[in-house]
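Dear colleague,

I am handing over the structure we spoke about, and my notes on it come after the display. Please read them with the structure open beside you.

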Amino acid sequence: MCPDADDAGRGLPTRFDHCVIHVSDWPASNAFYRDVLGAELVRAGERWAYRFGDQQLNVHGTGLDPTPVARVPVQPGNSDLCFAYDGPIADAIAHLEARGVRVELGPIERSGAQGGGLSVYFRDPDGSLLELISYQ
């Protein structure tokens, strides 16, 4: 079906599905994303994916040679991701601290996909920067 003249200039309607991170230690990363962020671990052949509702992180790691990859492939520790948390940011901080995860910054006001919120920043086992934002 060809777009109508009224649709000229509008982008194709899409929604976010997945992105890729790269890890250096499968067991440590699997435990972190499951226990700290609540990911469902999904086995995908020799690799893993971390599912969060209807979005997921596809995970590249040691022992894999994925194709295709970005012009400059993602490496362990060079991702920067934000996850929305539905509760108060103080509860998110308590959750991180109870699991031995050091909060690097926050709570601090930030803007995300739903507008303004309070965020905290921390790192995964490889050093990728992670953010939890609460819109409450």
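Below are my notes on the sheet, the helix that packs on it and the cysteines.

Please keep in mind that this is a predicted model. Four strands make up an open sheet, arranged in the order S1-S4-S3-S2, and their pairing is mixed. Strand S1 (18–23) and strand S2 (40–44) each have a single partner strand and stand at the edges, so one side of each is left without a neighbour in the sheet. From one strand to the next, the twist averages 30 degrees.

As general background, strands of a sheet pair through backbone hydrogen bonds, in either a parallel or an antiparallel way. Here S2 and strand S3 (residues 47–52) are paired in the antiparallel sense over five bridges, and Arg 43 stands opposite Trp 48 in S3. Helix H1 (residues 26–35) packs on the sheet, where it touches S1, S2, S3 and strand S4 (55–61), and the direction of H1 makes about 10 degrees with that of S3.

As for the cysteines, a search of the whole structure finds zero disulfides. Cys 19 is in no disulfide, because the nearest cysteine sulfur, that of Cys 82, is 12 Å away, whereas a disulfide calls for sulfur atoms within 2.5 Å. Cys 82 is likewise in no disulfide, with the sulfur of Cys 19 as its nearest cysteine sulfur. Cys 19 is partly exposed, with a relative accessible area of 23%, and Cys 82 also counts as partly exposed, at 42% relative accessibility.

With best wishes

Conventions: Residues numbered from 1 in each chain as written. Predicted model: local features only at pLDDT ≥ 70, side-chain atom pairs only at ≥ 80, totals over all residues. Heavy atoms only, no water. Pairing = 2+ DSSP bridges. Helix = DSSP H or I, 4+ residues; strand = E, 2+ residues; numbered from the N terminus. Axes fitted to C-alpha atoms, helices over the stretch in contact; angles between N-to-C directions. Contact = heavy atoms within 4.5 Å. Buried < 20%, exposed > 50% of the residue type's maximum accessible area, 1.4 Å probe, protein only.
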